[in-house]
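Q: Please take a close look at one part of this model. I would like the strand pairing in one sheet, then the backbone details around it and elsewhere.

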Amino acid sequence: MIRPTEDQQYYELTSPTALPKASGFLWNNQMMIHMNCRGYAVAQFMQPEPAKYSYAPNLEAKTFMQPEQPYYAHHPGRFLFIKDEESGYIFSAPYEPTRQVPDKFVFAAGKHDIVWTLGHWDLRIQMTLTLPRDHAAELWSIKVTNTGSRKRKISLYPYFSVGYMSWMNQSGEYVDELGAIVCSAVTPYQKVQDYPKIKTLKDKTYLLAEKKPSAWEVSQEAFEGEGGIMRPSALESGTLACGDARYEMPTAVMQYRIQPEAGEEQEYRFVFGPAKDEAEIADIRERYFGFDGEKGTGEGTESGSEEHQAYSEYGFDAAARDYAAYVAEGRGSLTIDTPDKDLDNFVNHWLPRQMYYHGVTNRLSTDPQTRNYLQDHMGMSYIDPRSTRNAFLTALSQQRPDGSMPDGIVLYEGAELKYINQVPHTDHCVWLPVCLITYLDETNDYALLDEEVTYAGGEKSGTVFEHIDLAVQWLIGDRDERGLNYINQGDWCDPMNMVGYKGRGVSGWLTIATAYSCLVWADICERSGRSSEAADYRQQAEEINGAVNRHLWDGDWYARGITDDGVPFGISADEEGRIFINPQGWSLLSGAADEDKKERLIRSVAEQLESPYGVEKLAPSYTAMREDVGRVTQKHPGSAENGAVYNHAAAFYIYALYAVGEKENAYRLLRKMLPGADEADIRQRGQLPVFIPNYYRGAYRQFPRTAGRSSQLFNTGTVPWVYRCLIDGLFGVQGTPDGLRVSPQLPAEWNEVSVTRTFRGAEFRIAIKREDGVSETEVYVGGERIEGGVIRDVAEGGTYAVEVKLPL
């Protein structure tokens, strides 16, 4: 049902109905498109704020990607209707909207393109979507092959939904000189002050065709008629009516009437996207098809001039090759060969791709949350450290003079903090040292600490060291008389908004995370020659851990916090929300949990939070509003932060397990992040293993029927932490100031693996094997044993053959 291709470049699904929400995604710096296996799409582009060009058929939020996206008949989609002119039989590719099950179906989610291949009624249909490298446009190729033994008479109707563009002004028509359907709108606004911004927007949606169609239709209502989208009335006629849309909901449908001989293949290419005006569309035609609409625009039955074909292959195909090269730039620094081939495939191909998407797009936001921005660029340390360096400098330039960080990082002039970034959270300073250490491990660029950066407001500046030192001091100072950190209207958990809005509530997790941040910052201080500061921060961490154990230890695990009214929560006395994962994992990192507490909390997590799909964020899930905790308790039980297998939090816990040597527990939970243990697991999760979703449904003990369902959202801070789990933990190939430390933590069932690690411009080819007579990890380079397992004096451009022996 699902399988990787032999070259590992695609993951294939062979049924349109088994995993109806299975999907893949493509992106560039200007846009993103999330394509469902059945042909539905969610797409947006930046101008500079997020915007749509293919809309729902009603008013919708333009920037929010929904978890577990509901698809419906008129959801935005990219379809091809096919009509046999002799019999009148109609079906559609890739599956929607006619829902005629093809004889053969393959949905191939690829790294740089998405391909559907169908066989039905002696026709082979191949639809391919890719993107350009540098602007918002969808590049579509549709190939139709007559696989039968006789000549056919068929009509092809490429259908690209446009939807409800604007209540102010919307229309559409076919523009012959462009060879395109052009739909126009005006973004709604009320204030006259908004007009200068509104008038610059790309309010046109176009479908640009390489070959002139036989006919077209632009009115959604006229196309559907009485048959609806599943069998549009317009298809009953010989040709479409060549209609337009005048303050009506537009669509983009073209018709090609063709008569392919037996074995003949015909190809059609289209560009679909937003534009400011028709001049821009004309430029796009020239870019991809190499003519202005008057040359080579013969009917669909004609192939056009040789000159036109050559240019088209250069413009259209070159863009596809350029985009493939762009995606390839996101290669990670780790390649593995283990007994688990599905893990190999994901780690070698899909995990760094998802990490790269986050780092280069900033989640298609002009004001990414500070914690997201820093963690996403932590991941870029393994792909493009220069990007990470620049991100830290950008973030620190917006730090307030008191040391606190804003809730979001503004990336463009004129951008504003919006939505959740208008709600005060208290955790953002934590991520500065926690994320910086990964960059320093990879690069040893401690010179960054001496860079001078201006604070927000421009009246004061300081070195990067001074900025982060001030941030850690702010965390230490933002505590109550018990030594516990205030939460305000949220910490890492955004919707925990009513614990401390009165100014007294505290976060157990944030207090523990502050202790860990002190330890990480102490290590950075030590490595940069600031020993006295390092000692002070370790003492601060010890004092904070003491406060944690006095006020938050509940006997078998740590409480999540204490409300404004002094009520602890996340404790054994609670009927719902008894235990949260974050305080448990971070207490292992901070050192708050001694050996006894470690054993108790790990056992409690296994008993109460672990499910077949991973470790849940909290349990039992809340089933009713708890007004002293907040809107997290209003979310459906098992969804999102209310008890889902929230993979970001799970990754924190797994990383912590590796940090304290709990390698078997760590690997078991890490492996649960990927679907595919068996077919039942794949069907329950409903997604391909080409990305880690932000959550799988939880509440496994309360609502097992829906537990495990994927959110299908690929925006998640999980991925850099999973990569850290692999680098620092599972394979133990972590950077240090002196070089590469090799200290694997393989699960017991693995006897032999190989790893290729790129690090500071060098390549390490590492063979790891369990051997009889070995009592501790032994690391050899060139046959010489390396004391302490640290390979020093790494030479840029060098290649190192490393042998690692592990005990049986």
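A: Start with the terms. Two strands count as paired if DSSP finds at least two bridges between them. Strands are DSSP runs of E with at least two residues, helices are runs of H or I with at least four, and both are numbered from the N terminus. Residue numbers start from 1 along each chain as its sequence is written. The model is predicted: local features need pLDDT of at least 70, side-chain atom pairs count only at pLDDT 80 or more, and totals for chains, interfaces and linings use all residues, while side-chain values use heavy atoms and leave out hydrogens and water.

Now the sheet. It is open and has 3 strands, in the order β33-β34-β39, with antiparallel pairing. Its edge strands are β33 (733–735) and β39 (790–792), and each pairs on one side only. On average, neighbouring strands of this sheet are turned by 25° against each other, direction ignored. That angle uses axes that are lines fitted to C-alpha atoms, for helices over the stretch in contact, and angles run from 0 to 180 degrees between N-to-C directions.

Look at the β33 side. β33 and β34 (residues 739–742) run antiparallel and are joined by 3 bridges. For Gln734, the bridge partner in β34 is Arg741.

Next, helix α17. It covers residues 718–730, and 13 of its 13 residues are buried, so the helix is largely enclosed by the rest of the structure. Buried means under 20% relative accessible area, exposed means over 50%, and partly exposed lies in between (1.4 Å probe, protein chains only). Gly732 follows α17 and has a positive phi, near 55°.

Two other residues have positive phi without being glycine. Arg760 has a phi of about 50°. This residue lies in the loop between β35 (752–759) and β36 (762–771). Arg760 is partly exposed, at 23% relative accessible area. Asn362 has a phi near 55°. Its loop runs between α5 (341–361) and α6 (370–380). Asn362 is buried, with a relative accessible area of 14%.

Finally, the cis peptide bonds. One runs from Glu96 to Pro97, with omega near -5°. Pro97 sits in the loop between β8 (90–93) and β9 (104–110). Another runs from Ala619 to Pro620, with omega near -15°. Pro620 is in the loop between β30 (618–619) and β31 (645–646).
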